[in-house]
Amino acid sequence: MQYNVIGRKILIEFFAGKIYERRLIIIGKEVSKRTLKRLPNYLTYLKSEKCGGAINISAPTVARDLGLNEVQVRKDLAIVSRSGGKPKTGYLLSSLIEDIESFLGYDNQKDAIIAGVGNLGSALLSYKGFSEYGMNVVAGFDTDEKLIGKTIHGKKIYDISELAGIVKELNIRLGIITVPSEFAQQVCNEMVKGGILAVWNFAQVQLVVPDGVIVQNENMAASLAVLSAMID
């Protein structure tokens, strides 16, 4: 399904740092969003190499295969690696994979809910790749009486009027909005009321949230416009 490819890119953007306002300070090191966005790409590549039988990997090899600057790759890996690379042999692949996953929080599962279970919301509910990025969608919410009470892709669908209460009860901190734009702010308000701290917004509208709540907007139209302009 095409959406899986799009979904993987969006997830990389979301979990690799776009939810942070400017920069993130981790274990005393300043990490730019550009570095954070590269880390999941490293991770995918390293896992592929491990599946191919590799045991060690060097920064020059990573740079060459991914078409990146070697100096930048060395700096990126130095930030996340706890053991560091060794001359000639490089990094122990299994350890480097674990370090990146830990650094990005993929080993710390985050529960999430989806508001709006139409075509896009349903596709997100079915997307199995979320677990690779430390996210577990536990439920969906909608206003359609034909959907409420049903289970879609293993996730129960609740009346959206129950959103704040269930979010608070389950201690959910991440909410995904896929409702029509005219209802997005109202849904966002309910999420915040329930304790949501990070909102992944697919509605084409700017949301107003209080301090301490982070919003990541996904504008597919803008992305498609860039692609279209590049091939004209």
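Author: A quick definition before we start: a residue counts as buried when its relative accessible area is under 20%. Keep in mind that this is a predicted model.

Reader: Okay, what share of the residues of the protein count as buried?

Author: The protein has 232 residues to sort with that cut-off. On the secondary-structure side, they include nine helices and eleven strands. The share that counts as buried comes out at 44%.

Reader: And how much of the accessible surface belongs to carbon and sulfur atoms?

Author: Start with the total, which is about 12,800 Å² for the protein. The part of that surface belonging to carbon and sulfur atoms is 52%.

Reader: Let's look at helices α4 and α5. How are they oriented to each other, roughly parallel or roughly perpendicular?

Author: Helix α4 covers residues 70-80 and helix α5 covers residues 93-104, and their axes come within 9 Å. Those axes cross at roughly 75°. Angles of 65 to 115 degrees count as roughly perpendicular, so α4 to α5 is roughly perpendicular.

Reader: Which residue is the charged one in that contact?

Author: From α4 come Leu77, Ile79 and Val80, while α5 brings Leu96, Asp99, Ile100 and Phe103. The split is six nonpolar, no polar and one charged. Asp counts as charged, so the residue you want is Asp99.

Reader: Now Gly154: is it buried or exposed?

Author: Gly154 sits in the loop between β7 (151-152) and β8 (155-159). Its C-alpha is 8.5 Å from that of Leu125, 29 residues away in sequence. The relative accessible area of Gly154 is 64%, and the cut-off is over 50%, so Gly154 is exposed.

How values were computed:
Residues are numbered from 1 along each chain as its sequence is written. This is a predicted model: local features need pLDDT of at least 70, side-chain atom pairs count only at pLDDT 80 or more; totals for chains, interfaces and linings use all residues. Side-chain values use heavy atoms; hydrogens and water are left out. Axes are lines fitted to C-alpha atoms, for helices over the stretch in contact, and angles run from 0 to 180 degrees between N-to-C directions. Helices (H or I, at least four residues) and strands (E, at least two) are DSSP runs, numbered from the N terminus. Angles under 35 degrees count as roughly parallel, over 145 as roughly antiparallel, 65 to 115 as roughly perpendicular and the rest as oblique. Contact means heavy atoms within 4.5 Å. Buried means under 20% relative accessible area, exposed over 50%, partly exposed in between (1.4 Å probe, protein chains only). Accessible areas come from the Shrake-Rupley method with a 1.4 Å probe; for residues, only the protein chains shown count as cover.
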